[in-house]
Amino acid sequence: MVKFKSALKRLMRSVTENPLGRNALLHIARAGILPKGIWKRVPFEGMFRVSLPDGPAFVCQAVDGDGVIGRTLFWRGWLSFEPETTQVFYKLAQTSNVVLDIGANTGFFTLLACAA
């Protein structure tokens with residue numbers, strides 16, 4: 001079983017390292033066709049743009065191919081990570097003069113506030 005998981009992980013990594021394979025998977029994942037059980041396990045490393053609904057965006061870098069937040073943002077977009085909180089936070093940040101992010105993880109909400 002361990003050999004199978006290792007081989008599957010190498011296969012998924014080779015697909016995401018190929019631009020054509022990565023783009024095909026990205027379109028399928030963003031369209032909601034690729035099940036969460038699959039995109040959640042597909043590794044991604046590199047810089048990518050996170051677009052927000054009214055035009056702004058920020059750049060994120062997934063360093064560890066197995067990092068949950070970076071992988072989730074890459075495969076599913078900005079509303080895929082804590083969707084209930086993210087949308088409300090973004091609307092509040094758009095009308096705020098100051099936002100404090102005390103720092104619990106990767107800085108996603110700081111990037112979101114800066115883009116707002």
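## Helices H5 and H6

H5 and H6 are oblique to each other, because their axes pack at an angle of about 40 degrees, which lies outside the ranges for roughly parallel, roughly antiparallel and roughly perpendicular. Please keep in mind that this is a predicted model. The axes of H5 and H6 are 8 Å apart, and H5 passes H6 in a right-handed crossing. H6 covers residues 108-115, while H5 covers residues 83-94.

Which residues of H5 and H6 make the contact? From H5 come Thr-85, Thr-86, Phe-89, Tyr-90 and Ala-93, and they meet Phe-108, Phe-109, Leu-112 and Ala-113 of H6. Sorted by class, the contact of H5 with H6 has seven nonpolar and two polar residues, with no charged ones.

## A closer look at Thr-86

Thr-86 sits in helix H5 and is one of the residues in the contact with H6. Is Thr-86 buried or exposed? With a relative accessibility of 0%, Thr-86 counts as buried, since the cut-off for buried is under 20%.

Leaving aside residues up to four places away in sequence, Thr-86 touches Trp-78, Leu-79, Phe-81, Phe-108, Phe-109 and Leu-112. Among these neighbours, Phe-108, Phe-109 and Leu-112 also belong to the H6 side of the helix contact.

## Helices H2 and H4

Now to another pair of helices. H2 (residues 19-30) and H4 (residues 68-76) have axes that come within 7 Å and cross at roughly 85 degrees. H2 and H4 are therefore roughly perpendicular to each other, as angles of 65 to 115 degrees are counted that way.

On the H2 side, the residues that meet H4 are Arg-22, Leu-25, Leu-26, Ala-29 and Arg-30. Their partners in H4 are Leu-73, Phe-74, Trp-75 and Arg-76. By class, the residues of the contact of H2 with H4 divide into six nonpolar and three charged, with no polar ones.

## The cysteines

How many disulfides does the structure hold? The number is zero. Why is Cys-60 not bonded to Cys-114? The closest cysteine sulfur to that of Cys-60 is in Cys-114, and it is 13 Å away, so the two are too far apart for a bond. A disulfide would need the pair of sulfur atoms within 2.5 Å. Seen from the other end, Cys-114 is likewise in no disulfide, with the sulfur of Cys-60 as its nearest cysteine sulfur.

The surroundings of these cysteines can be described too. Cys-60 has a relative accessibility of 12% and so counts as buried, whereas Cys-114, at 62%, counts as exposed.

Notes: Residues are numbered from 1 along each chain as its sequence is written. This is a predicted model: local features need pLDDT of at least 70, side-chain atom pairs count only at pLDDT 80 or more; totals for chains, interfaces and linings use all residues. Side-chain values use heavy atoms; hydrogens and water are left out. Buried means under 20% relative accessible area, exposed over 50%, partly exposed in between (1.4 Å probe, protein chains only). Helices (H or I, at least four residues) and strands (E, at least two) are DSSP runs, numbered from the N terminus. Contact means heavy atoms within 4.5 Å. Axes are lines fitted to C-alpha atoms, for helices over the stretch in contact, and angles run from 0 to 180 degrees between N-to-C directions. Angles under 35 degrees count as roughly parallel, over 145 as roughly antiparallel, 65 to 115 as roughly perpendicular and the rest as oblique. Ala, Val, Leu, Ile, Met, Phe, Trp, Tyr, Cys and Pro count as nonpolar, Asp, Glu, Lys and Arg as charged, and the others, Gly among them, as polar. A crossing is left-handed if the near helix is turned anticlockwise from the far one by less than a right angle, and right-handed if clockwise.
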